Amino acid sequence: MLIGRDAERARLRTLLEAARAGRGGVVVLRGEAGIGKTALLADLRARAGGFRVLAARGAESETGLAFAGLADLLRPVLDRIAGLPGAQRAALEAALALGPPAVPDRFAAYSAALGLLSGLARERPVLLVVDDAQWLDVPSREALLFCARRIGDDAVLLLAASREEPPEGAELAGLEELRPAPLDDDAARRLLDAVEPDLAPAVRDELVRAAAGIPLALRELPRALTPGQRAGREPLPRTPPVGEALLRAYRARIESAGPAARRAALVAAVSEDGDLATVTAALEARGGDRDDLQAAEAAGLVGLEDDAVGAAHPLLRSALLQLAEPAERREAHRALAEAIGAERAEQRAWHLAEAAVAPDEAAAAALEQAAALAAARTGYAAAADALHRASRLGAPEAAGARRLAAAQMAMAAGAFDRSTALLDGVPGPQAAHLRGIVTMLAGRLDTAFGILVEGAARAAPSDPLTAASMLADAVLTRTMAGDCHAALHTARRAYTLAGERLEMAPAVAGYLAGALVLRGFARQARPVIERLDALTSDVDPTSPASHMMVVWATWRPWIGDFEQTAARVDAWLDRGRAASSVGFLALPLVTSCELDFRMGRWPRALARGTEALAMLAETGQRAPLGYVMATLALVEAATGRTADAQRHAQEARALGRRDGVASVETYSAAALGFLALASGDPETARRELEPLRAHTTRWGLAEPAAVLWQPDLIESCARLGMRLEARRALATLAEQAHRTGGRWARAVTCRCRGLIDDDIDRHFGEALALHEDLPMPFERARTQLAYGARLRRAGRRLEARSRLEQALAAFEELGAQPWARQAREEMAAGGGRLRPRTAGAPSDELSPRELQVALAVAEGATNREAAARLFLSEKTIERHLGSVYRKLGLRSRSELARRFARAEDQANAGSGGAEAISAGSQ
C-alpha cells in the first residue's frame, strides 16, 4: 500500500484508463533518489489488468551498450519482429544484434520499435515501464522519445522514472512530468508506523524530521539503529543530511554481512545485465557459489528474481561500489569478463576495461571491437564511448587514431560538442578536416572555414587530394554564409588541387559548379556539371556521398533543370523511406519543398516542408533548419497561411543572425517581402526587399533564380509609383538575366518591363512566350495577372478580363488564395461579372500532417505503408485519413487519388485549363 500518494496515483490512474480506451499517454516520474518513483511504477503495474506490460530498468554500467535498454524492454515480444515491414524488421534486428548490420541510420530502428508497439496495441493495451531512465543508453533513450511523441492514437502508456538531475545528455525532454513531492509529516509517521511499529514515539518523530519526507530514508534509517536506540533508551546518532544518512545506513547493512555475501553482492553490483548464470559462474571461478548470493539476499544487499540478480536499490549499489576497495572492484570485473566469454564481446570488453590498469592494449583492442559492433548497429554514441576509453587505456602511439575514430562516431550520433572535445590535441589533416566539418554542422561557419582552409594549406604539399576535399567543404561554409566571392575562389583552388584525380573527390566538382552558378556563371558551370553527373551516376542514395548530391540538387533548378532533378529527389525519397532512414530523408525533403513550390506542386511542398522541419528537429540537424523554415514560409505565404509564414520567416531570420548564416537571412527577407506583397502591402514588401540589393551585391550573389526576390522588389516599387527605383532594380535583373541566360530570369525581366514601360503587349507577350516551356505555373499566372491589370488601366477591359480569368483559374487550382483575391479585385474594378469560386487545392483545407497522410494514400500507400513512410502509427494514419475524408467531402481512397492527381496535372499543365475558361468567356 502506498501512503501519501493519492494525487500521483489519481493522475496515473487517469492515464491508465485513457490507454485502456485507446488513447496513448506518456509521463515521466521525476524526482530524487528514494522519493518513491519505483513504488509508483509497481503500483501502476499492479493495476494494469488486461495490459501487456513491457518493462526495463536503466543501469549505469550499461550506458555504453547500444540498445541494451530497448532490448530489455522488447525481449518478451521479440518474436513479433518478424511481422514488421522488411526494412523496419532488418533495422530492429540489426539494432538488437539479432541480425546482420542494416542501413546505417539509427532512426530506422526507432521507427521499427514504434511499428512493433503500434501492432501490439491493436491487440490489447500496452504499458511500458522504464525505471532509472537516466541510465538508459543513448539509442534506447532516443528510441523511447521517438515512440513517445507518436503514440497518442495508440493504446500505449509509457511511464518512465528518472532522477531529478539526470547526467548531461540523458534528459527525457518535452514530455509530461509528474514530480512526487516529499511526504508530509503525517504521511511519514503513518509510513513509519506501518514498516517499523515498535519505534518509540520520540524516536519516530526524530526519524521523520531526519528523513525530510523521503520514503526510502524512512524505511532505511531505522535499520541502522540498535535495539536500545529504537526503544529510546540510547541516544540516536548525530543526524546527517539524508544522502549521507542513507549511505551510513547502507554501510552498516553491508558491513554486517559476511565476506562471502559482500563479495557476491559486489559481483552482482558490477554486472551489466544481472544475468544470474554469469554472476554465479564468476563467483564459482573465485571459490564461491550461489549460496553466497542467497546470503547476500538475506542480508538485504541483493534481490533474486528468476534468472536475474541485482542490488536491492540503486543507492545500495552505489554504496557497494563506493565501499569496496579498487582492487576488489577490478577483481569483480575480471571475474565477470572471464565468465562472459567472447560471445558477448561488448560486455566483456567493458569488464576488461574496468579490470585493467593502464596501459592495457588487449583491453583497448577489445573496446575497439566493441565499438565496431555498436557502430554496425547504429549505436554511434556507445561506439564513441568505447573508442575514447580505448584511447586512454591502450598504447600511447594508438591514442590519436582512436580519438579521431571516437570523434567520427560522436559526429554520427549528432554530439557535435563532444566530437570537437575528442579532437583536442589530435594531429594530422584527417583530424583537422573532421574538426572543420563538425564546427560547420554546429553552425560556427567562419570558424569552420578557417579550420578547413588552414588544414588544407598544411596538407597540400604531401596530400593534395585531402587538401582539395577540405577546401570543398570550406566552400559549403561560404555558400551557407552567403559569401559567393569566397566560395568561388575556394572552389577553384580545390578543383586545381584535385587535378586528374577528381573521380576520388566528386564533391570538388559539385561545389565548384554550385559556386559558379551562384556567381552568375551558369554557362561556365555546364561542363563541370556534366563531369559531376558522370562521376556520381552510381552513388547509393543512402550513402554519405548522397548528402552532397542533395545539396547540389538544390541549385540545379536555378539553371532550368526541373524534371530531372525532381525525378532524382523523388527516387532518393523513395529509397530513404524504403530503408526507414530518417536521418537521410530530411535533406531531400528540404530540397523537394523548394522544388515543388517552384513547380506549382504546393500540397506536396507544404507536406514535405513540414515533414522536413519535424525530422530536422528530431535528428538534431541544425544547419538546414533556417533554410527549410524560410522555404516553408514562401509556401505558406502563397497559400494564405499568413501567421505561419510570418512565424517561420522570423524564426529563420533569427537563426540566420544567431549563427551568422547570411544565406538564411536572404531567404527569410525574401519570404517576408513576398508575404507582404501577397497580402497587398507593397510598402512593407519594399522595406524587406530593398536591403537585399546591397547585400547580394556585396556578397556576390548574381544568379537571380537562386532567391526569387528581385521581381517582388520591382513590383512593389511599381505599385508604389516609385518608377525610378523600379528601373534601377530592373537594370540589375536584366543584366543578370542576359549573362546567365536563365529562362525564368528572362521571363520575369520581361514581366517587370511590362509593369513600368508603355509597350505592354510586347513585354508581356515575350514574358508569356518564355513561360511556355517553364514548369512554373505560379510565375505564369503572376504574369497574366500583371498583364490583365495593366490592360484594365489602359481601358482595354475585354482583353484584361481574358488575362485575369486565366490568372484566377491558375491561382485557384494552385491554392494561391491571396493572389486569387487580387485577381478578383482587378476583375471587379473592371466591372466584369465574377464567376463562382472553383474548388481550391487540397492544401487549402488540410493541416500539414493531414496533407502528408493524404498524399501518401493518394500515391497508393496502404495505411500500414503510410505509417512506415511517415514514421507514425497505423492508428494515427487512420485518424488523419478520416479527417481528410470529412474535410474534402470524399468517401474512398480512389476519390482521394483523383483529387490530388487532378491538382497536380493542372499544376503541371500550367494554365492550360484557364485558356479554355478565357475562350468561353469571350
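Let us start in helix 33, which covers residues 642-659 and holds both D644 and R647, two residues that sit 3 residues apart, or about one turn of the helix. In this predicted model, D644 forms a salt bridge with R647, and the closest N and O atoms of the two are 3.3 Å apart. As for the surroundings, D644 is partly exposed, with a relative accessible area of 30%, and R647 is partly exposed too, with a value of 41%.

As general background, side chains of opposite charge can pair when their charged atoms come close.

Now let me turn to a pair that joins two helices. The side chains of D596 and R608 meet in a salt bridge, with 3.6 Å from N to O. D596 lies in helix 30 (residues 582-598) while R608 lies in helix 31 (residues 602-619), so this pair ties together parts that are 12 residues apart in sequence. Are these two residues buried or exposed? D596 has 0% relative accessibility and therefore counts as buried, and R608, at 8%, counts as buried as well. Both also belong to a network of salt bridges that links D570, D596, R601, R604 and R608.

My last pair is D424 and R435, whose side chains meet in a salt bridge at 3.5 Å, N to O. Here D424 is in the loop between helix 21 (416-423) and helix 22 (429-441), whereas R435 is in helix 22 itself, and the two are 11 residues apart. D424 is partly exposed, with a relative accessible area of 47%.

How many salt bridges are there by this rule? The count comes to 68.

Conventions:
Residues numbered from 1 in each chain as written. Predicted model: local features only at pLDDT ≥ 70, side-chain atom pairs only at ≥ 80, totals over all residues. Heavy atoms only, no water. Salt bridge = Lys/Arg side-chain N within 4 Å of Asp/Glu carboxyl O. Helix = DSSP H or I, 4+ residues; strand = E, 2+ residues; numbered from the N terminus. Buried < 20%, exposed > 50% of the residue type's maximum accessible area, 1.4 Å probe, protein only.
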